[in-house]
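Subject: Structure for you to look over

Hello,

Here is the structure I promised to pass on. Please open it alongside this note; my findings follow below.

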Amino acid sequence: MFPGRHRPPARSLRGVETVFDASVDPDLVERSLAASRFGSMWLDGNNTTRPEYPRLTEPVTCDLLIVGGGYTGLWTALHAARRNPGQRIVLIEANRIGWAASGRNGGFVDASLTHGAENGKARWPKEIEILTAMGLQNLDGMQAEIAELGLDAEWQRTGMLAVATEPHQVDWLQDAADAGEGQLLDAEAVRGEVHSPTYLAGLYSPDTCAIVHPAKLAFELARACTNAGVRIFEHANATRLVSDGTALRVSVGHVHVRTRQAVLATNVYPSLLRRNRLHTVPVYDYVLATEPLTDAQLDRIGWRGRQGIGDSANQFHYYRLSMDNRIVWGGYDAVYHFGRKVDPDYEDRPSTYRRLAAHFFITFPQLDDVKFSHRWAGAIDTNTRFCAHWGAARNGRVAYVNGFTGLGVAAARFAADVCLDLLAGVPTPRTELQMVRERPLPFPPEPLASIGIQATRWSLDRADHSAGRRNVLLRTLDALGLGFDS
Ligand SMILES: Cc1cc2nc3c(=O)[nH]c(=O)nc-3n(C[C@H](O)[C@H](O)[C@H](O)COP(=O)(O)OP(=O)(O)OC[C@H]3O[C@@H](n4cnc5c(N)ncnc54)[C@H](O)[C@@H]3O)c2cc1C
């Protein structure tokens with residue numbers, strides 16, 4: 001999600017406390033979490049019907065193989081089939097469709113392709129206008145395509161409300177409003193929308209964001225893929241990719257897929273191409289969901305516009321309502337573990353869930369009778385530029401994309417189109433973008449990666465406690481166009 005979007009001007013030091021340092025009754029926090037189930041609410045069978053696809057048991061030959069069954073792989077398969085209906089397209093997924101980030105995220109469908117306007121402006125100042133326009137076009141196109149295909153993904157074009165919870169953040173929102181990024185709301189107006197005593201101002205952008213049911217989006221995309229003739233296989237972990245004459249051979253256990261072209265949409269998981277291994281690191285992001293709010297509870301917070309909400313610190317929370325009026329509340333801690341491993345053992349982190357719950361009750365003290373039903377985590381594929389990077393390999397027969405860094409729900413659809421453009425080998429306005437042609441610097445190997453990331457995290461926390469003022473390390477990383485974010 002959108003951290004550190006507003007790079008602050010240097011300011012004098014203020015106090016060291018933030019609103020989220022207020023103390024919260026530990027019993028309230030424990031009680032609220034006591035009955036929570038571990039696992040994504042979106043993937044919980046009680047709320048969602050999950051389709052099943054066969055295993056790959058015998059060799060297959062195809063024109064296009066897609067590795068990875070999250071949004072990126074699914075949009076790639078769907079758009080490939082729509083571009084060229086005669087193609088034989090196969091998608092293989094190591095686990096289940098949508099089980100990873102695509103089934104666990106906050107469901108904010110943000111138009112930005114650059115992980116927020118500030119990041120885009122800083123990196124590609126000459127291109128930012130076209131990037132912003134392409135992002136909006138992608139979001140509108142996604143809405144139209146979901147409607148056209150009749151996908152039940154609980155799409156709601158609610159807009160995005162960024163809120164300031166510290167005085168210096170009010171200036172950042174003012175700057176963003178001055179740059180045309182939304183409408184500034186003063187404390188009274190923003191609290192009129194959503195009743196939180198922590199809000200000092202808000203920035204409402206009505207057009208740039210929708211919210212969606214993340215897992216349903218993945219499942220429905222898979223359905224659309226099969227309707228378009230794509231063959232999907234689950235529990236099909238690709239372990240090796242080799243060139244085989246003019247074709248490619250991908251191994252799934254002892255079974256081989258022979259294909260003319262391939263797209264690697266494997267996100268945070270180890271790439272089949274060694275060259276990509278140092279370009280991303282997994283960063284864990286944590287989420288809570290409440291029980292459905294009663295009408296009386298909802299009345300206490302307003303929120304009739306159902307906007308997606310994010311607060312504005314470097315360590316930020318994102319929250320939104322589900323269709324059945326649960327509050328999905330995530331963010332703040334962004335945890336990297338030494339060694340770059342993606343490991344389910346990192347997901348159940350009681351201290352983080354307690355912190356998230358405490359911050360929830362600081363934001364909405366009037367909801368002290370609300371309980372959390374679910375707690376979960378997911379790994380974010382973070383790169384040093386905070387937004388997707390692409391590439392081609394094996395004489396242009398393989399395209400890949402990685403590095404969405406926590407803002408990939410909408411960007412995955414754009415990324416899919418870029419991958420297909422790259423395979424087609426004909427330049428398009430998308431492939432001509434500097435953002436698409438440039439590769440980010442890799443993270444260093446361990447232990448340097450871990451030392452650097454922990455120092456950056458510590459510095460971001462300090463900045464949040466120092467009126468946003470960035471220390472020498474952060475300023476140096478900003479100057480080098482490098483960093484760490486979630
Ligand atoms: C907790 C959390 C909250 C987030 N919130 C938001 C949000 O609100 N808005 C937003 O825009 N973004 C958000 N994101 C990011 C967003 O979810 C991702 O950017 C997006 O889902 C990426 O889609 P994907 O298809 O690239 O990756 P994934 O959904 O991770 O899919 C990749 C798939 O590839 C499969 N795979 C990997 N290797 C192999 C292999 N060798 N063989 C076969 N299959 C393989 C994996 O099993 C996986 O299913 C969030 C992420 C997390 C974790």
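A charge sits over a ring if NZ of Lys or CZ of Arg is within 6 Å of the ring centre and within 35 degrees of the ring normal. Keep that rule in mind for two arginines. The charged end of R375 sits over the ring of Y353, 6.0 Å from its centre. R123 lies over the face of F386, at 5.2 Å from the ring centre. Please remember that this is a predicted model.

Aromatic pairs

The count of aromatic pairs comes to 15. One of them is W329 with F360. The two rings meet edge-to-face, 5.5 Å centre to centre, with 90° between the planes. This pair links distant parts of the chain. W329 is in strand β16 (residues 327-335) and F360 is in helix α9 (residues 350-363), 31 residues apart.

Are these two residues buried or exposed? W329 has a relative accessible area of 0%, so W329 is buried. F360 also comes out at 0% relative accessible area, so F360 is buried. The cut-off for buried is under 20%.

F360 has a further partner, F372. That pair is edge-to-face too, at 5.1 Å centre to centre and 75° between the planes. F360 lies in helix α9 and F372 in strand β17 (residues 372-382), so the pair ties together parts that are twelve residues apart in sequence. F372 has 1% relative accessibility and therefore counts as buried.

Step back to the cluster. W303, Y319, W329, F360, F361, F364 and F372 form one aromatic cluster.

The nine-stranded sheet

Which order do the strands of the open sheet take? The order is β1-β17-β13-β16-β15-β14-β5-β7-β6. The sheet has nine strands, and the pairing is mixed. At the edges are β1 (37-38) and β6 (183-186), each of which pairs on one side only.

Look inside the sheet at β14 (residues 308-311) and β15 (residues 317-321). They run antiparallel and are joined by two bridges. G310 has Y318 in β15 as its bridge partner.

Two hairpins around β11

Strand β10 (residues 238-244) and β11 run antiparallel, with six bridges between them. A238 stands opposite V252 in β11. Two residues lie between the strands of this hairpin, and G245 takes a positive phi near 65° there.

β11 then pairs with strand β12 (residues 255-264), again in the antiparallel sense, over five bridges. S251 has H256 in β12 as its bridge partner. The hairpin of β11 and β12 also has two residues between the strands. Here G253 takes a positive phi near 60°.

How much of β11 is covered? Strand β11 (residues 247-252) is mostly covered, with five of its six residues buried.

Helix α7

Helix α7 (residues 214-227) has 14 residues. From first C-alpha to last it reaches 20 Å, close to the 20 Å expected at 1.5 Å a residue. The helix is mostly covered: eleven of its 14 residues are buried. Among them are P214, L217, F219, L221 and C225. What covers the buried residues of α7 includes α2 (71-83), α4 (128-149) and β9 (231-233). After α7 comes G229, with a positive phi near 100°.

Nonpolar cores

L217 of α7 turns up again in the largest nonpolar core, which has 70 residues. L217 is one of the residues with the most contacts inside this core. The others are L74, V109, M142, I232, W390 and M435. Which helix gives the most to this core? Helix α10 (residues 411-424) does, with nine residues.

M435 deserves a look on screen. Not counting residues up to four places away in sequence, M435 touches L113, T114, W124, E127, L131, R385, C387, W390 and F414.

Apart from the largest core lies another, of 38 residues. Its members include V163, L321, A357 and L367.

Where to begin

I would start the viewing at F360, which pairs edge-to-face with W329 and with F372. Then go to M435 and its contacts, among them W390 and F414. Finish at β11, which pairs with β10 and with β12.

Best wishes

Technical notes
Residues are numbered from 1 along each chain as its sequence is written. This is a predicted model: local features need pLDDT of at least 70, side-chain atom pairs count only at pLDDT 80 or more; totals for chains, interfaces and linings use all residues. Side-chain values use heavy atoms; hydrogens and water are left out. Buried means under 20% relative accessible area, exposed over 50%, partly exposed in between (1.4 Å probe, protein chains only). Helices (H or I, at least four residues) and strands (E, at least two) are DSSP runs, numbered from the N terminus. Two strands pair if DSSP finds at least two bridges between them. The expected span of a helix is 1.5 Å times one less than its number of residues. Contact means heavy atoms within 4.5 Å. Rings of Phe, Tyr and Trp (its six-membered ring) pair if their centres lie within 6.5 Å; planes under 30 degrees apart count as stacked, over 60 as edge-to-face and the rest as tilted. A nonpolar core is a set of buried Ala, Val, Leu, Ile, Met, Phe, Trp, Tyr and Cys residues joined through side-chain atoms within 4.5 Å.
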